[in-house]
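Colleague: I'd like a close look at a single part of this model rather than a general tour. Could you pick one and tell me how it sits among its neighbours?

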Amino acid sequence: MITDKQTLREVVLREVNNVKITDIHTHIYAEDFGELLLWGIDELVTYHYLIAEYFRYSKMDYAEFFALSKKEQADLIWQKLFIEHSPVSEAQRGVLTVLAELGLDVASRDINAYREYFASLSTSEYIDKVFEVSGVKNVVMTNDPFDPNEKPVWDTVGNNDPRFKAALRVDPLLNDYATSYKKLQEWGYDVSPDLDAKSIDEVKRFLSDWITKMDALYLAVSLPPTFTVPENSLRSRIVENCVIPVCREHNIPFAMMIGVNKLVNYKLGLAGDSVGKADISTVEYLCKTYPENKFMVTFLSKENQHEAAITARKFGNLMLFGCWWYLNNPSIIDEITRLRMETLGLSFIPQHSDARVLDQLIYKWSHSRKIIAEILIDKYNDILDAKWAISEEEIRRDVEGLFSNNFWNFIERTE
Ligand code: HDL
Ligand code: ZN
């Protein structure tokens with residue numbers, strides 16, 4: 001048993017550095033999905049977080065920028081954010097971490113030399129490399145049947161790489177049924193714009209068909225701060241009459257990602273979304289009203305985090321996950337994770353990468369491992385002070401829970 005703090009630190013750092021991670025929310029894809037999988041230095045540097053940060057300095061016309069090639073965009077961003085200003089933001093620093101952990105010469109600042117490295121690798125070689133360097137064992141994708149580039153893959157080859165799991169993402173259905181119902185009609189589902197009884201059955205059939213086709217581990221949606229159930233809206237009716245019963249039937253969680261104000265600057269495209277504080281009472285209502293359902297929830301606003309942790313104390317069918325998007329910064333990850341551990345013990349999923357570019361698995365997990373390890377060390381030290389002794393096996397159990405098993409146990413699946 002471990003009773004001294006030096007040994008404890010060494011063991012926690014070793015276990016957190018060695019744990020193989022299940023990354024429960026990403027936007028990366030298996031190789032079979034072709035161009036949907038983004039990787040390499042030009043994709044890294046044109047990540048939409050960095051585009052937003054580029055326009056903090058540049059007065060360039062948005063449309064003119066987006067008309068450029070990825071390489072030309074990357075050259076502008078590299079010059080502005082890395083050469084003319086020190087790259088200290090989390091997204092800027094992340095690029096450097098990727099290059100460093102791949103063993104490239106970061107000090108050279110030579111983006112063309114980096115391009116040569118990536119050009120020397122095949123997609124499958126690089127997927128293997130990134131999983132090895134990042135210590136990620138499997139990822140959950142974001143799979144959208146309404147995406148015209150993705151649906152054909154599921155209608156032909158599907159997903160054949162066991163490292164990549166599927167999650168069914170239904171934003172167009174829930175947030176824009178008035179448009180998306182026409183797609184359902186096109187695909188042979190007998191739905192009407194007013195969501196009558198027949199439509200409810202057909203939407204349920206659509207969801208069930210795709211959960212089965214993808215072997216989706218959960219059903220996900222991103223939602224505005226105004227998301228409310230119950231209310232007299234198509235979204236609320238689809239949630240209660242379609243999503244909830246189908247998720248229960250398949251025994252998969254409904255994952256709500258709440259707090260996105262879409263396109264507050266539409267000219268920035270993906271980089272144009274912002275954040276708003278949501279109403280926790282909808283999560284309370286759903287967890288209380290549907291005790292047989294499981295809910296995974298992550299809020300985008302820092303202001304929702306404390307009440308979310310308290311709500312998770314009330315409902316065992318609620319699993320909080322990640323420090324999502326604008327919360328994925330060291331200072332905020334530290335604050336949220338300490339709050340959650342002090343409030344929920346180890347019964348939460350501390351992080352997901354949200355990686356849009358394969359390479360990002362390397363930096364997003366390297367940075368988060370360090371933060372979470374220090375918090376665990378502090379919390380274990382607190383109980384050592386009370387003369388509690390702890391074993392290496394118990395530390396490994398706790399770490400594997402936070403970085404993988406809490407998810408698999410919650411969804412009642414094995415990998
Ligand atoms: O809706 C989501 O899943 C978000 O993560 C968005 O994809 C967002 O643009 C993003 O990439 N956040 O990191
Ligand atoms: Zn995401």
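Modeller: Let's go around one strand of the sheet and then over what packs on it. A quick caveat: this is a predicted model, where local features need pLDDT of at least 70 and side-chain atom pairs count only at pLDDT 80 or more, while totals for chains, interfaces and linings use all residues. Residues are numbered from 1 along each chain as written, chains are lettered from A and ligands numbered from 1 in written order, and side-chain values use heavy atoms, without hydrogens or water.

The part I'd zoom in on is strand 8, residues 295-299 (strands are DSSP E runs of at least two residues, helices H or I runs of at least four, both numbered from the N terminus). Strand 8 is mostly covered, with five of its five residues buried (under 20% relative accessible area, 1.4 Å probe, protein chains only). That goes for both faces: Phe 295, Val 297 and Phe 299 are buried on one side, and Met 296 and Thr 298 are buried on the other.

Now for the strands alongside. Strand 5 pairs with strand 8 in the parallel sense over five bridges (pairing takes at least two DSSP bridges), and Thr 298 in strand 8 stands opposite Met 257. Strand 9 also runs parallel to strand 8, with three bridges between them. Two partners in strand 9 can be named: Leu 318 for Phe 295, and Met 319 for Met 296.

Helix 14, residues 281-289, packs on the sheet, where it touches strand 8 along with strand 5 (254-258) and strand 9 (contact is heavy atoms within 4.5 Å). The direction of helix 14 makes about 175° with that of strand 8 (angles run from 0 to 180 degrees between N-to-C directions of lines fitted to C-alpha atoms, for helices over the stretch in contact). Helix 18, residues 392-410, packs on the sheet too, and the strands it touches include strand 8, strand 9 and strand 4 (216-223). The direction of helix 18 makes about 55° with that of strand 1.

Zooming out, the open sheet has seven strands in the order 1-2-3-4-5-8-9, paired in parallel. Its edges are strand 1 (21-23) and strand 9 (318-320), each of which pairs on one side only. From one strand to the next, the twist averages 25°.

Note on methods:
Buried means under 20% relative accessible area, exposed over 50%, partly exposed in between (1.4 Å probe, protein chains only).
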